[in-house]
Amino acid sequence: MKDRPFTIGELARLTGASIETIRYYERIGLLPRPPRTGGGRRAFGAESVTTLTFVRRCREFGFSLDDVRALLGQRKAQPCCSNVKSIAERHLETVRAKLRDLTEMEAHLARLVGQCQGDGASECAVLDALDAGAVGASASV
């Protein structure tokens, strides 16, 4: 890693984050505000690369920004694996719930697609089910 400071563009290239995402993470406190050059440009250090990579990896796993903030806190302080495990277990349960919902949605959609003739008929099972949902009918078909 270079000893000189990185511009925001270089940080973006090194981490795969967009410049706007870097600015946003800085604004909400996930990425510490870097010092500025005499010309007012951000001067990020190697720790910014490490932190931003960590944040991006957390987001890839689907952790919320609040969870990312908590994980960063654990990473910087005296880490307590039980605290980290608790955050990860809670997120794992959220992921599992989403998977159950997606599995149910997939079954409903597959059923609808199976009922659709796909010909030039004016009636369509998919549109009928979507219209029925608009007037408060049950989502289960």
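Biologist: Does Arg75, at 28% relative accessibility, count as buried, partly exposed or exposed?
Modeller: The relative accessibility of Arg75 is 28%. Buried means under 20% relative accessible area, exposed means over 50%, and partly exposed lies in between, with a 1.4 Å probe and protein chains only. Arg75 therefore counts as partly exposed.

Biologist: In this predicted model, what pLDDT must side-chain atom pairs have in order to count?
Modeller: Residues are numbered from 1 along each chain as its sequence is written, and side-chain values use heavy atoms, with hydrogens and water left out. The model is predicted; totals for chains, interfaces and linings use all residues, local features need pLDDT of at least 70, and side-chain atom pairs count only at pLDDT 80 or more.

Biologist: How many residues apart in sequence are the parts tied together by Glu47 and Arg75?
Modeller: The side chains of Glu47 and Arg75 form a salt bridge, 3.6 Å from N to O; the term requires a side-chain nitrogen of Lys or Arg within 4 Å of a carboxyl oxygen of Asp or Glu. Glu47 belongs to helix α3 and Arg75 to helix α4, so the pair connects parts whose separation in sequence is 28 residues. Helices are DSSP runs (H or I, at least four residues), numbered from the N terminus.
Glu47 is partly exposed at 49% relative accessibility, and the separation asked for is 28 residues.

Biologist: What distance between the end C-alpha atoms of α4 should its 12 residues give?
Modeller: The expected span is 1.5 Å times one less than the number of residues in the helix. Helix α4 runs over residues 65-76, and the C-alpha atoms at its ends are 16 Å apart. This agrees with the span that its 12 residues should have at 1.5 Å a residue, 16 Å.

Biologist: Within what arc do the buried residues of α4 fall?
Modeller: The buried residues in α4 are Asp67, Val68, Leu71, Leu72 and Gln74. They line one face of the helix, because the view down the axis of α4 places them within an arc of 160°. The arc is taken over the directions from the helix axis to the C-beta atoms. Asp66 and Lys76 are exposed on the other side of α4, while the buried residues keep within 160°.

Biologist: Which residues does Thr51 contact, its neighbours within four places in sequence being left aside?
Modeller: Thr51 is part of helix α3 and is buried, at 1% relative accessibility. Contact means heavy atoms within 4.5 Å. With neighbours within four places in sequence left aside, the residues in contact with Thr51 are Leu30, Leu31, Leu72 and Arg75.

Biologist: Which helices are included in the cover of the buried residues of α2?
Modeller: Helix α2 (residues 19-27) has Ile22, Tyr25 and Glu26 as its buried residues. Viewed down the axis of α2, these fall within an arc of 100°, so they line one face of the helix. Their cover includes α1 (8-15), α3 and α4.

Biologist: Which residues are linked with Glu26 in a network of salt bridges?
Modeller: Glu26 and Arg42 join their side chains in a salt bridge of 2.8 Å, N to O. Since Glu26 is in helix α2 and Arg42 in the loop between α2 and α3, the pair ties together parts that are 16 residues apart in sequence. Glu26 and Arg42 are both buried. The network links Glu26 with Arg33 and Arg42.

Biologist: Which residue of α5 forms a salt bridge with Glu89?
Modeller: Helix α5 has 35 residues and reaches 50 Å from its first C-alpha to its last, close to the expected 51 Å. Within α5, Glu89 is partly exposed, with a relative accessible area of 44%. Its partner is four residues away in this helix, about one turn. The closest N and O atoms are 3.8 Å apart, and the partner of Glu89 is Lys85.

Biologist: What accessible area do Leu92, Val95, Leu99, Leu102 and Met105 have together?
Modeller: Leu99, which is in helix α5, is partly exposed, with a relative accessible area of 49%. Patches consist of residues with over 30% relative accessible area and no salt bridge, like charges being joined within 9 Å and nonpolar side chains (Val, Leu, Ile, Met, Phe, Trp, Tyr) within 5 Å. Accessible areas come from the Shrake-Rupley method with a 1.4 Å probe; for residues, only the protein chains shown count as cover. The nonpolar surface patch formed by Leu92, Val95, Leu99, Leu102 and Met105 has a joint accessible area of about 440 Å².

Notes:
Helices (H or I, at least four residues) and strands (E, at least two) are DSSP runs, numbered from the N terminus.
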